[in-house]
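Please read the report below with the sequence and the 3D structure side by side, and find each residue in the picture as it comes up. The text goes from place to place along the chain and ends with the ligand.

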Amino acid sequence: MSERKKRIGILTAGGDCPGLNAAIRGVGKTAIVEYGMEVIGFRSGYSGLIHNDYIELHESQLSGILTLGGTILGTSREKPYKLVDNNGQANEKPDSILQNYEQLGLDALICIGGNGTMKTANMLAKQGLNIIGMPKTIDNDVWGTDVTFGFDSAVYIATEAIDRLHTTANSHQRVMIIEVMGHNAGWLALYAGSAGGGDIVLLPEIPYNIHSVVKKVEQRYEDHKPYSIVVVAEGIEHPKKMSAASYIADAISSYTGLETRETVLGYIQRGGSPTPADRILATRYGFFAAECIVNKQFGTMVAVKDNKLVAVPLDEVGGKTRLVCPDNPLIEIARKMGVSFGE
Ligand code: F6P
């Protein structure tokens, strides 16, 4: 008697990023071509799992999506375990998930997302589902891995923006402040700031002093560099009623009298086609996630450590954030080359 085909599910949750389709393709093609599995994709993250909203993924649907931005499955920030006011009614979402997983005859579920997604994935694993997590986010802040896909693409986009700001800053002799995403982590600001040659880089992990920032701008002016590029992470301390970029721009212009302009890069950082590095990383993760299913390494997240693929327990990942260490080698290098971190 022939063995029943294995059936697996995939979902993408949280904020989107470049490389999600490359990851779906990586899992799906490996599962179908190499292991003869059936693959389904849940729509809109955990929401599709709650409401049994899914599509069958055949190999033909996985062709031509490697280079596509966004996610063919859609995404949402649905958190099925979050206690909300249900007018006194119990939260039935976790039960619906268990029921759908059983009824669909799933052997495993791959949850692609960031820290929030991994937290939920861990809870599902604790409920007895066969879960594999896969880390993605432009923020690069998932605990347990050296790198997430989406990050390289966002660094590329932010660096290009900084390059363009350089020429206009120089022409007009202005102080340009560019705000990049990253949530509470400064990875994007550090990498794009370094690649784009920012003069001042402000990270949430290094408390800044506005007087040091001003001093650096004035110093550059005195050194006949009448323009400056200030790269700020969205997560730095600032009044919440305004953007971090506006706050820093206002402070610099009021202390120095110099002309400032701010740019909040926003969702451009999350859109569009992944870089080659992200396509490769997402493909490696996708392949490895399918291998983890075959090897029954459930309750884990696929990760990269020292450029090697490994499976780390979801229990160690859920609920944590990987921040930039103030002694990161890139910070040390930048400091010695005259970059200010506002200390
Ligand atoms: O987590 C990725 C991220 O892009 C953060 O950098 C940013 O703070 C956040 O998502 C924005 O999320 P939303 O899509 O909910 O506006």
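K296 is placed in the loop between helix α9, which covers residues 276–294, and strand β10. In this predicted model, the phi angle of K296 is near 55 degrees, which is a positive value in a residue other than glycine. Most residues other than glycine have a negative phi. K296 is exposed, because its relative accessible area of 56% is over the limit of 50%.

A positive phi also occurs at N52, a residue other than glycine, where the angle is near 55 degrees. N52 belongs to the loop between α2 (46–50) and β3 (54–57). With a relative accessible area of 31%, N52 is described as partly exposed, since this term covers the values between the limits of 20% and 50%.

One of the residues in contact with N52 is N100, and N100 itself is placed in helix α3, which is made of residues 93–103. If neighbours within four places in sequence are left aside, N100 is in contact with L49, I50, H51 and N52. A polar atom in the side chain of N100 lies 2.7 Å from the backbone oxygen of L49. Is N100 buried or exposed? N100 counts as buried, because its relative accessibility is 9% and buried means under 20%.

The strand that follows the loop of K296 is β10, and T300 has its place in this strand, which covers residues 300–305. T300 is buried, with a relative accessible area of 10%. Not counting residues up to four places away in sequence, T300 touches I131, I132 and G133, and also A311, V312, P313 and L314.

On the other side of the K296 loop is helix α9, in which A282 lies. A282 counts as buried, because its relative accessibility is 0%. Apart from its neighbours within four places in sequence, A282 is in contact with G19, A22, A23 and F149.

G70 is found in the loop between β3 and α3, and with a relative accessible area of 15% G70 is buried. Once residues up to four places away in sequence are set aside, G70 touches D16, C17, L20 and N21.

Further along the chain, A334 is found in helix α11, which is made of residues 329–336. A334 counts as buried, because its relative accessibility is 10%. The residues that A334 touches, not counting those up to four places away in sequence, are V339 and F341. S340 is placed in the segment after α11, and S340 is also buried, with a relative accessible area of 13%. S340 touches D199, I200, V201 and K216, again without counting residues up to four places away in sequence.

For four of these residues, the table sets the separation in sequence beside the distance in space from C-alpha to C-alpha.

| Pair | Separation in sequence | C-alpha distance |
|---|---|---|
| A334 and L190 | 144 residues | 9.5 Å |
| S340 and S212 | 128 residues | 8.3 Å |
| G70 and Y285 | 215 residues | 17 Å |
| A282 and H166 | 116 residues | 32 Å |

The last topic is the ligand and its surroundings. Which residues are found around the ligand? They are R77, I138, D139, M181, G182, H183, E234, Y267 and R270. For E234, an N or O atom in the side chain is 2.6 Å from an oxygen atom of the ligand. A polar side-chain atom of R270 lies 3.0 Å from a ligand oxygen atom, whereas at G182 a polar backbone atom is 3.1 Å from an oxygen atom of the ligand. On its own, the ligand has 400 Å² of accessible area, and the protein covers 71% of this area. The space that the ligand takes is the largest pocket.

Terms used. Residues numbered from 1 in each chain as written. Predicted model: local features only at pLDDT ≥ 70, side-chain atom pairs only at ≥ 80, totals over all residues. Heavy atoms only, no water. Helix = DSSP H or I, 4+ residues; strand = E, 2+ residues; numbered from the N terminus. Buried < 20%, exposed > 50% of the residue type's maximum accessible area, 1.4 Å probe, protein only. Contact = heavy atoms within 4.5 Å. Near = heavy atom within 4 Å. Polar contact = N/O pair within 3.5 Å; in protein donor to acceptor, adjacent residues only side chain to side chain. Areas by Shrake-Rupley, 256 points an atom, 1.4 Å probe, with all protein chains shown as cover. 1 Å grid on protein atoms, 1.4 Å probe; cavity = no way out; pocket = protein on both sides within 12 Å on 5 of 7 lines; lining within 4 Å. Sits in = over half its atoms within 2 Å of the grid points.
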